[in-house]
Amino acid sequence: MNYFDVVCYISVFVSTYFNNVQSCNCTEPSQKDLENRFNSINNNLNMKSLFMYEGWENSTLNKKFEELLLQSTEYRNSGTCPKRHMKTAESLSLRTSCPWFPHMDTIETRYPKTIYVAKTHCKSCITTDSLQNTYCKPLERIIKVLIRSNDIVNGICQYKEDKYNVPVAFVCTRIFEKVNDHELTSIPLSFFRKTLLRQKLLSVRETTTTLPSSVPQKQVG
């Protein structure tokens, strides 16, 4: 263990100790107060609606989300990215080139402590395309959460507002590559190398077969 490892372990220990002391020295606000405040800063957003992209209504939202969780169970527990597209008539989240599932993200000092986020086992897209230069990119929605601060007022722990990026789905995206030090493209660089080489050969051929305008051509007599 080197010096930096020791410093790291000490900083983590001290941070954990003071957080525990801080939480022991103050009382948590009521869950109702935190819930009302959270709903107020998010315009009464229902978090489950973030993952709904096919026909749904408020009256069936909870049922739809439970179906999404159930349908994703096998893929979530597999821990691996499928080699082929899933042949299923179930949720679109499983039929995409970047299949994803709802995952519970938990932070003890945040309200809500548990938030569902989209998660995928795939780094690159499931595709039969010859262009394999892809990756799975998260689509995110920004919400506001409440984070417990170090402030205490009248013995009550205080929470401050903070922004939180919630991954709600994943999409297949081509990796951008730089060409000629300035041009960005999503097509693999090898394609452009062949194209540039072809253009160079054509340019050389035209130069060698076309006489300059300043050189008079000999008349055939």
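Visitor: Which strands form the open sheet, and in what order?

Guide: In this predicted model, 3 strands make up an open sheet, arranged in the order S2-S4-S5, and their pairing is antiparallel. S2 and S5 are the edge strands, each with a single partner, so one side of each has no neighbour in the sheet.

Visitor: How many bridges join S4 to S5, and how many join S2 to S4?

Guide: S4 and S5 run antiparallel and are joined by 17 bridges, whereas S2 and S4, also antiparallel, are joined by 2 bridges. In the S2 pairing, Arg110 has Ile147 of S4 as its bridge partner. In the other pairing, Val153 stands opposite Ile156 in S5.

Visitor: What sits between S4 and S5?

Guide: Asn154 is placed in the loop between these two strands, and the hairpin that S4 and S5 form has 2 residues between the strands. Asn154 takes a positive phi near 55 degrees, although this residue is something other than glycine. Most residues other than glycine have a negative phi.

Visitor: Is Asn154 buried or exposed?

Guide: Asn154 counts as exposed, because its relative accessibility is 76%.

Visitor: Which residue in the loop between H2 and H3 is worth a look for its backbone?

Guide: Asn43 lies in that loop, and Asn43 has a positive phi of about 55 degrees although it is not a glycine. Asn43 is exposed, with a relative accessible area of 70%.

Visitor: And where is the cis peptide bond?

Guide: The cis peptide bond joins Tyr111 and Pro112, with omega at about -5 degrees. Pro112 belongs to the loop between strand S2 (110-111) and S3. As background, most peptide bonds are trans.

Visitor: Back to the far end of the hairpin: where is Arg174, and how far is its C-alpha from that of Tyr135?

Guide: Arg174 is found in strand S5, and its C-alpha atom is separated by 6.4 Å from that of Tyr135, although the two are 39 residues apart along the chain. Arg174 is partly exposed, with a relative accessible area of 26%.

Visitor: Which helix lies across the sheet strands?

Guide: H2 lies across S2, S4 and S5, and runs at about 130 degrees to S4.

Visitor: Now H3, please: which of its residues are buried?

Guide: In helix H3, which spans residues 61-71, the buried residues are Leu61, Phe65, Leu68 and Leu69. They cover an arc of only 95 degrees around the axis, which means that they lie on the same side of H3. An α-helix has 3.6 residues a turn, so residues three or four places apart point the same way. The face turned away from the buried side carries the exposed residues Lys63 and Leu70.

Visitor: What covers those buried residues of H3?

Guide: The cover includes helix H4 (73-78) and helix H5 (92-95), together with strand S1 (101-106) and strand S3 (114-119).

Visitor: How many residues are in the largest nonpolar core, and which have the most contacts inside it?

Guide: The largest nonpolar core has 33 residues, and Phe51 and Ile143 are those with the most contacts inside it. At least two residues of this core come from each of H2 (31-41), H3, S3, S4 (134-153) and S5 (156-174), and the largest share, 6 residues, is supplied by S5. In soluble globular proteins, nonpolar side chains tend to be buried together.

Visitor: What is Phe51 in contact with, leaving aside its sequence neighbours within four places?

Guide: Phe51 is in contact with Phe65, Leu68, Trp100, Tyr116, Val117, Ala118, Pro167 and Val168. Two residues in that list, Phe65 and Leu68, are among the buried residues of H3.

Visitor: Zooming out, what does the whole chain come to in helices and strands?

Guide: The protein chain has 6 helices and 7 strands, which follow the pattern α-α-α-α-α-β-β-β-β-β-β-β-α along the sequence. Buried residues make up 26% of its 221 residues. Among contacts between residues at least 6 apart in sequence, 57% join residues at least 24 apart.

Visitor: And where does pLDDT stay under 50?

Guide: The chain averages a pLDDT of 77, and 64% of the residues score at least 70. However, pLDDT stays under 50 over residues 11-22, for which the model has 7 contacts beyond four places in sequence. Residues 210-215 also have a pLDDT below 50, and this stretch has 1 contact in the model beyond near neighbours in sequence.

Key. Residues numbered from 1 in each chain as written. Predicted model: local features only at pLDDT ≥ 70, side-chain atom pairs only at ≥ 80, totals over all residues. Heavy atoms only, no water. Buried < 20%, exposed > 50% of the residue type's maximum accessible area, 1.4 Å probe, protein only. Helix = DSSP H or I, 4+ residues; strand = E, 2+ residues; numbered from the N terminus. Arc of directions from axis to C-beta. Contact = heavy atoms within 4.5 Å. Core = buried A, V, L, I, M, F, W, Y, C linked by side-chain atoms within 4.5 Å. Pairing = 2+ DSSP bridges. Axes fitted to C-alpha atoms, helices over the stretch in contact; angles between N-to-C directions. pLDDT = per-residue confidence, 0-100.
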